[in-house]
Structures are given as C-alpha cells and as structure tokens.
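Reader: I would like a close look at a single part of this complex, with its surroundings described as far as they help. Please take the sheet as the part, and keep the account plain.

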Amino acid sequence: MSNGLALLSIFVLSVFIGFEVVSKVSTTLHTPLMSGANAIHGIILVGAITVTDHADTNLELGLGIAAVVLATINMVGGFVVTDRMLEMFKGKPRVKKDVEAVGGEAK
Amino acid sequence: MISKNLYDLIGLAVAVCFILALKGLSSPKSARRGNLIGAFGALVATGFVFRSPEMTLHHKWWIMGAIVFGVVVGVPAARRIQMTQMPQLVALFNGVGGGAAALVAIVEYLKLGSSASTPDVVATVFTVIVGCVSFSGSIVTFLKLQEIMTTRPVVFPGGRFVIAATLLGTLGCAEWVIHSMGNVSLTVMAVLALLFGVLFVLPVGGADVPIVISLLNAFTGLTVAASGYVLQATLLIVAGTLVGASGTILTRLMAAAMGRSLFGTLFGAFTAKPQAAAVGGEVRPVKSGSPDDVAILLNYAQRVVIVPGFGLAVAQAQHTVRELADLLTSKGVDVAYGIHPVAGRMPGHMNVLLAEANVPYEQLVEMDEVNPTFPQTDVVLVVGANDVVNPAAKTTPGCPIYGMPILDVAEAGNVIFLKRSMRPGFAGIENELLYDPKTTLLFGDAKDSLTKVVSALKAL
C-alpha cells in the first residue's frame, strides 16, 4: 500500500470513529464538546513546530513562528477553558425525596 | 533522538488520548477526566516532537519562545472569560487554529518545490483555502458576538453574486497555484479566501451563529486533517478528522433544531427581507403583571419549567434564576429547565451558563423530553427567550422560523414571560403567545425582575 493510500485509509477510518464517538456526546455537553474539539485541533502545533524547525528563509521562519504562537493559544487555551467548564457540571448534591421523572441524563 | 517507529507509536497513543477525550463527553461524570487525558496527550505530542528523528533543532529557541508567548496569551484569556462570553472565545480559538493550519500549509508550500506530487500540492492548497476561510470567518463571528460590530445580518445589494464571484475566484486561483507553483498566485488565493470567509459570515445574524460556529469548527478540523496529509503526520489526520466529525454533527443538529436545511440557513439571509413586526401596527392588549403576581403564581404551582434564552445570558441572570429555582424546590415545587438546542449563541450554551450557577445537570431537560411534560406543568417561566417558544413556527407557514421545532410552552397552565420590551425576538416575528390570556408579562431586565420575584416569594 502506498503511503498516500495508507494516510487516506487512516482518514476514512477516523471519520467513522469520529462520528461514532461524537454522536454519543450528551446534548448537555455540546459547548464543552466544541471547545474540547477546538483544543484538539490545536495539535496543529506539532505541525507548526515541524515546519518552523525546517525553515530555511526568514519568511518561512516568521510564518512558522506565527503558526506556533496561534496553535499554542488554540491548544492550551482550549484545554484550560474546557476544563473550567467541565468542572462546573455537577450532579445533584444530595438525593431528594421525589426524584423527578423527567430529569436524568441525556443519552 | 528517538526512532521513527517509537515516535509514530507515541503519535498513535496521543490519537487514542484524543478519542478518549471525546468519549469522556458522553456523560458529565467522565467528561472532565476525558479532557485531562486529551490535554495530557497534547502535552506528550508537543514534548516528543522535539525528539522526533526529523528535527534539526536549528530554531529551537525561537520555537520555545513562541510557545511560551502563546501560553502567556492563551491561559489568562481562558481563565478570565465569563461563561456568557464562551461563544466568542470558542470562535476566536477556532479562528487561530485555522490560521495556524493555513500558515503551516503556506510554509510547507514554500518548501514543496517543483518536484512535489499533485496530491501534495492539492492538499496544501486546500489547507490554505479552508484555513483562511476558517480564520477570517471566525474572527468576524468573534467581532459579532463581542458586539464590536453589529450582530444583525449585514446584507448588501448583489451580495450573493459578490460571494459567489469570490468563491469562484478563489477556486480559479487554486487552479493557477497548482499549475504555476508561484508565490504571487498563492498570495492572491489566500487573500481571496480570507475575503470569502468574511463575506460568508457577514450575512449571518445572531440566531444563526450556533450553526456558523459549528460549521467553522468542522472547517478547521478538516484543515488540520489535510495538513496532516501534507506533513505525513498520522496524528494530525486523526485529530483533525475527529474535530471535523464533531463540527459536522453539531452543524447538522443545529440546522435540524432550527428546522432548516444548512444551505437555507447560510444563504437565507441573502434573500430574506428584514422583517419588521409583520402583524399590523396596532397596539394589542397584553396582560402584564407585577413581581408579586408572578411570585404567587409560582408559589402555588406543582411543577414549574424554566425556559432560558439568550436574554438570560445578556442579563447575567443565571445565578438569580438558580436562586429562584432553589427557593421553589424548598417549597416543594418540582422545577426543571427546558433547554432548546439553539437557545443562546452556541450549541449547549444554556447548559454551561446554568452549570456555572451550580444547577445540577439532571435538571436540564432537552426539548424532546420536556415537551410531553408541558400539559402537566402549571407555570412556565420564559427568561429572555422568544423565538424558541413562538407558536408561529407551527402555525404560520412562510414566516422565517416556520418548521423550527419549539418548546410547546402554550400547553402549560400559565406562561410568564420575562421581557425587556415588546420588541419581537431576533427573527423579528410577532409572538402570538404574548397575547394569550394565560400569559403574564413581567417587563424589565431579567436579573432585576427575578430578584424582585425572589424577594416577593420569600415574603409570601
């Protein structure tokens, strides 16, 4: 299998994993899903570091460094803010007498 | 230095961390741990890229400096942001991610040279275009949400033709870039793509922002996946694709929650005429009540459903609403929150706001689950929401929100609207429910009104 084809296979399989995993995310958590997903695409930082490392001209270096800054903001900020949000999602502090029938967690 | 195989294995482990991070979000209980696993994975990936066999470490101090700078900017922003401003921040982070991916692709393009294979060039060009669109689109979304610019749709004559022309121009340039491999063509293409991102978000109004944010999120994910292809980095492909899937699912959910096709939402604003209050100009009688009236209604209810909307966020009333709900619960009233999927400015916005106010997530009930309970509900308290409870979505074919699933609050015994004024909601449609005999209106800022209701309730 050629390298390109291998990468394409990984892509296609990831599509299915992505849809499978994300479709199970609780509706309550859609905002953290979005900011968590944002943080995950901050992994472009790895790409930014790689291209900056290989930069030969000042233009490449400058663009690469800008990419590293942006990707770091994206990744670190994304994880921090997602953590802050998820920290707030708490269940009921105590068990109440009549638990409402409609409560419960979304699938 | 570590071997290529070990480095790739670490990449695989990090990809698994990211999958687990998303998997954790299936329940609020496991969500935080999942996110920490994801953050750990990202940290490992960043640490080990410096030990990758391909690294020369020529510019390591520059890179380190850039990372430190990014942390210094990103962390305080993430820590200080208020939950009401979350949509802006998410839009901004999404934009910088797209921008980073576009820059990476541009640098990669500069290094490709004439020997590059066509798939590589196409993937690079794709990354630059989508990354630029995501970047400028997200920045405009941020400016709209931060109210630095108007939140209303910005429409100009012939707008759709200008946008179509920009898109065609961008694609034409892409063709030019692929054939010429020149820097001028690339610059023109990037500028056109940036312009397209701006033009494409400008006509989108406040209520449609959840869809656009989700869509741009999907774009950035795809951009990262495509740059993974160019850089031959499996991890980037997996991570980008996961984000792309999440963005796509959210976009579809949001579009469904608005009862419209994705296309109609994005391009509807070009054709829709600004709707002034459509139903005549005459002043019709409404029943407005005092905080005491509202307190009495609530006090003698068995079951109360609170329907929050963006007005709750604007008034920062989430804590007061929770105080009211606690007070009612202590009086033996059954309280739940009915959450419409597009209430607020991003998917799940209301849930985050109420979670901030320590509302247990069990009380946050989705539309499909809460709707059948309205006939058994004595009082519905609508706080700063309008379109999501507007029966016109069911009864008035041709109105902009027709077909949008709504919360059937009209089924309940009484409806209380906390409103600032009689101004119609974002969609600009008159809400017949306001004139219904079972409706009571309490005018004023949501937070003030709720505070008054709470003190009236305490006095009872």
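Author: What follows describes the sheet in chain B, then the rest of that chain, and then the contact with chain A. The model is predicted, and the predictor gives the complex an ipTM of 0.87 and a pTM of 0.87.

The sheet of chain B is open and has six strands, paired in parallel and arranged in the order 3-2-1-4-5-6. Strand 3 (364-366) and strand 6 (439-443) of chain B are the edge strands, each pairing on one side only. From one strand to the next, the twist averages 25 degrees. Strands of a sheet pair through backbone hydrogen bonds, either parallel or antiparallel. One of the pairings here joins strand 4 (residues 379-383) and strand 5 (residues 414-419) of chain B, in the parallel sense, over five bridges. Within it, B:Val379 has B:Asn414 of strand 5 as its bridge partner.

Two helices of chain B can be placed against these strands. Helix 11 (residues 291-299) of chain B lies across strand 1 (303-308), strand 4, strand 5 and strand 6 of chain B, and runs at about 135 degrees to strand 6. Helix 14 (residues 349-356) of chain B also packs on the sheet, where it touches strand 1, strand 2 (334-339) and strand 3; its direction makes about 145 degrees with that of strand 2.

A loop of chain B between helix 12 (310-314) and helix 13 (318-330) holds B:Gln316. This residue is not a glycine, yet its phi is positive, about 55 degrees. Most residues other than glycine have a negative phi, and most peptide bonds are trans. B:Gln316 counts as partly exposed because it has 16 C-beta neighbours inside 10 Å. Another positive phi, near 55 degrees, is found at B:Gln232, again a residue other than glycine. B:Gln232 sits in the loop between helix 8 (209-230) and helix 9 (234-257) of chain B, and its 15 C-beta neighbours inside 10 Å are why it counts as partly exposed.

For the wider setting, the domain assignment divides chain B into domain 1 (1-80), domain 2 (87-271) and domain 3 (291-459). The centres of domain 1 and domain 3 of chain B, taken over C-alpha atoms, are separated by 41 Å. Chain B has a mean pLDDT of 88, with 94% of its residues at 70 or more. Residues 269-281 of chain B have pLDDT below 50, and this stretch has 19 contacts in the model beyond near neighbours in sequence. Where pLDDT is low, the predicted coordinates should not be read in detail.

B:Val107, in helix 4 (residues 86-112) of chain B, leads to the other chain. From B:Val107 to B:Leu364 the distance is 47 Å, C-alpha to C-alpha, with their places 257 residues apart in sequence. B:Val107 counts as buried because it has 27 C-beta neighbours inside 10 Å. Its contacts, leaving aside neighbours within four places in sequence, are with A:Val51, A:Ala55, A:Glu60, A:Leu63 and A:Gly64.

The contact between the chains takes 83 residues from chain A and 105 residues from chain B. On the side of chain A that touches chain B, helix 1 (3-22), helix 2 (30-41), helix 3 and helix 4 (58-88) of chain A each supply at least two residues. Helix 4 of chain A gives the most, 28 residues. By class, that side of chain A has 45 nonpolar, 28 polar and ten charged residues. Helix 3 (residues 44-53) of chain A is mostly covered, with ten of its ten residues buried; A:Val51 is among them.

Conventions. Residues numbered from 1 in each chain as written. Chains lettered and ligands numbered in written order. Predicted model: local features only at pLDDT ≥ 70, side-chain atom pairs only at ≥ 80, totals over all residues. Pairing = 2+ DSSP bridges. Helix = DSSP H or I, 4+ residues; strand = E, 2+ residues; numbered from the N terminus. Axes fitted to C-alpha atoms, helices over the stretch in contact; angles between N-to-C directions. Contact = placed C-beta atoms within 7 Å. pLDDT = per-residue confidence, 0-100. Buried ≥ 20, exposed ≤ 12 C-beta atoms within 10 Å, placed from the backbone. Nonpolar A, V, L, I, M, F, W, Y, C, P; charged D, E, K, R; others polar. Domains from an automatic or database assignment.
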